[in-house]
Amino acid sequence: MFKVLEFNGVSSAQATQVGHRYSTREEAMTAIKCHLKKFRVSGRNPEGDYWWARDAQGLRKCWISHIE
């Protein structure tokens with residue numbers, strides 16, 4: 001199982017889950033891409049294996065987490 005987590009450094013002290021749990025990494029990847037379409041500016045950091053987005057509240061980081 002996988003889940004998508006988001007950290008908004010401005011308004012949250014810890015990461016929050018976006019959407020629900022996904023049975024495959026590919027499903028989680030599709031969900032994170034759909035989530036990022038809500039923002040005008042977004043991208044991916046392949047070295048850090050996370051995606052980022054910027055909005056009026058500041059920078060957000062999103063990543064896929066594996067659940068055992």
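## Report on a predicted single-chain model

A search of the whole structure finds zero aromatic pairs. Such a pair would need two rings of Phe, Tyr or Trp (for Trp, its six-membered ring) with centres within 6.5 Å; planes under 30 degrees apart count as stacked, over 60 as edge-to-face and the rest as tilted.

The model is predicted, so local features need pLDDT of at least 70 and side-chain atom pairs count only at pLDDT 80 or more, while totals for chains, interfaces and linings use all residues. Residues are numbered from 1 along each chain as its sequence is written, and side-chain values use heavy atoms, leaving out hydrogens and water.

**Confidence.** The predictor's confidence in each residue is given as pLDDT, on a scale from 0 to 100. The chain has a mean pLDDT of 90, and 96% of its residues reach 70 or more. Confidence is highest in α1, at a mean of 94, and lowest in β5, at 91. Names such as these refer to DSSP runs numbered from the N terminus: helices (H or I, at least four residues) and strands (E, at least two).

**The core.** In soluble globular proteins, nonpolar side chains tend to be buried together. A nonpolar core is here a set of buried Ala, Val, Leu, Ile, Met, Phe, Trp, Tyr and Cys residues joined through side-chain atoms within 4.5 Å. Buried means under 20% relative accessible area, exposed means over 50%, and partly exposed lies in between (1.4 Å probe, protein chains only). The largest nonpolar core has 13 residues, of which V4, A28, I32, L36, W51 and I64 touch the most other members. Two or more residues each come from β1 (2-8), β2 (16-22), α1 (25-36), β4 and β5 (58-66). The largest share, four residues, is that of α1. Contact means heavy atoms within 4.5 Å. Beyond its neighbours within four places in sequence, I32 is in contact with V4, W51, C62, W63 and I64.

**Cysteines.** A disulfide is a covalent bond between the sulfur atoms of two cysteines. Here it is counted as a pair of cysteine sulfur atoms within 2.5 Å, and the structure holds zero disulfides. Why is C34 not bonded to C62? The sulfur of C34 is 12 Å from that of C62, the closest cysteine sulfur, which is too far for a bond. C62 is in no disulfide either, with the sulfur of C34 as its nearest at 12 Å. C34 is partly exposed, with a relative accessible area of 46%, whereas C62 counts as buried at 0%.

**From β3 to β4.** Strand β3 covers residues 41-45 and includes N45. Leaving aside neighbours within four places in sequence, N45 is in contact with Y50 and W52. The loop between β3 and β4 (50-55) holds D49, and G48 is found in this loop as well. Most residues other than glycine have a negative phi. D49 has a positive phi of about 55° although it is not a glycine. Both loop residues are partly exposed, D49 with a relative accessible area of 34% and G48 with 41%.

Strand β4 contains A53, which is buried at a relative accessible area of 0%. Which residues is A53 in contact with, leaving aside its neighbours within four places in sequence? They are L36, F39, V41, S42, G58, L59 and R60.

**A charge over a ring.** K61 is found in strand β5 and is partly exposed, with a relative accessible area of 33%. K61 lies over the face of Y50, at 4.9 Å from the ring centre. This label applies if NZ of Lys or CZ of Arg is within 6 Å of the ring centre and within 35 degrees of the ring normal. Leaving aside neighbours within four places in sequence, K61 is in contact with L5, E6, F7, Y50, W51 and W52.

**Distances along the chain and in space.** The table sets out C-alpha to C-alpha distances for some of the residues above.

| Pair | Apart in sequence | Apart in space |
|---|---|---|
| A53 and G43 | ten residues | 6.5 Å |
| N45 and A15 | 30 residues | 18 Å |
| G48 and G9 | 39 residues | 17 Å |
| K61 and G19 | 42 residues | 15 Å |
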